[in-house]
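Hi everyone, thanks for coming. I'd like to walk you through a few spots in one structure, so please have a look at it first.

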Amino acid sequence: STRIGASRLSLNAANGGIDLNEANLVDSLGGLTAGGAVAFRNTGDLALDGDIAATGQEVALRSNTGSISQSSGTITALGLAVQANGVIALGGANQVTNLRDMTAGGNLLFRNAGALMLWGDVTGDTVTLSTDSGSLLQMLFTSGIITANRLNASAGGALNFNHANRVVELGDSASGSGVAGFTNDGGFALAGNVSGDEVVLQ
């Protein structure tokens, strides 16, 4: 197999996809542009310090043995899937339409600038999901759930997680407008403030 070893890597495939799914050894991803689907796998920690621009495309990022963090830049994609053995911390003003499976071995944080739809499983120790504007929803006709010891969530619009989630504690959760709804498969503890025009917990 072939792999890339670099302190910093930038990629440009404006007219096609990027498929680098071997055990690459890259410290930071400095910027990526793709006209097709993106798959990038790393061994060890991976820092995103530039824009990942894949408008209308699917992006999949994976770290076999480390964390994935965002120090600058935004991710622009139709769909995003992320897997890390450590922490996932993507706190930029990202522009993602659909969140696919996202799994962290530690805490998980994801922030989006606009509305965000959850299509897959989201798993971490403490999971924090937010949108600056727009709703934050689990899609009705999908089976993905949130599995976490603690869940914090906030949305500029409606906030509704209506699947059989497996959360031990519900932390601070706020809807900017409309419903703040949460469904769990079993009992859960309220460990923070929950607010919305209408709050539905079950």
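I'll take a serine, then an asparagine, then a pair of rings, and finish at a patch on the surface.

One thing before we start: this is a predicted model.

Okay, let's find Ser72. Where does Ser72 sit? Go to the loop between β6, residues 68–70, and β7, residues 75–84, and you'll find Ser72 there. Is Ser72 buried, partly exposed or exposed? The relative accessibility is 34%, so Ser72 counts as partly exposed; you'd need over 50% to be called exposed. Now, who does Ser72 touch? If we skip the neighbours within four places in sequence, Ser72 is in contact with Leu48, Asp49 and Gly50. Zoom in on Asp49 in that list: a polar atom of the Ser72 side chain lies 2.9 Å from the backbone oxygen of Asp49. And if you want a feel for distances, try Ile4. Ile4 and Ser72 are 68 residues apart along the chain, and their C-alpha atoms are separated by 22 Å.

Next up, Asn184. You'll find Asn184 in strand β16, which covers residues 179–184. Asn184 has a relative accessible area of 10%, so we call Asn184 buried, the limit being under 20%. What does the side chain of Asn184 reach? One partner is the backbone nitrogen of Val167, at 2.9 Å. Another is the backbone oxygen of Gly187, at 3.5 Å. Leaving out neighbours within four places in sequence, the contacts of Asn184 are His163, Asn165, Arg166, Val167 and Gln202. So Val167 shows up again there, as a contact of Asn184.

Now the rings. How many aromatic pairs does a search of the whole structure find? Just one. The pair is Phe182 and Phe188, with ring centres 5.1 Å apart and planes at 85°, so this pair is edge-to-face. For that label, the planes have to be over 60 degrees apart. Look at how covered each partner is: Phe182 is buried, at 3% relative accessibility, while Phe188 is partly exposed, at 25%.

Last stop, the surface. Leu190, Val199 and Leu201 make a nonpolar patch of about 240 Å². Let's pick out Leu201, which lies in strand β19, residues 198–201. With a relative accessible area of 34%, Leu201 is partly exposed.

That's my tour. Have a go at finding Ser72 in its loop and Asn184 in β16 yourselves. Thanks, everyone!

Methods
Residues numbered from 1 in each chain as written. Predicted model: local features only at pLDDT ≥ 70, side-chain atom pairs only at ≥ 80, totals over all residues. Heavy atoms only, no water. Helix = DSSP H or I, 4+ residues; strand = E, 2+ residues; numbered from the N terminus. Buried < 20%, exposed > 50% of the residue type's maximum accessible area, 1.4 Å probe, protein only. Contact = heavy atoms within 4.5 Å. Polar contact = N/O pair within 3.5 Å; in protein donor to acceptor, adjacent residues only side chain to side chain. Patch = residues over 30% accessible without salt bridge, like charges linked within 9 Å, V, L, I, M, F, W, Y side chains within 5 Å. Areas by Shrake-Rupley, 256 points an atom, 1.4 Å probe, with all protein chains shown as cover. Salt bridge = Lys/Arg side-chain N within 4 Å of Asp/Glu carboxyl O. Phe/Tyr/Trp six-rings, centres within 6.5 Å; stacked < 30°, edge-to-face > 60°.
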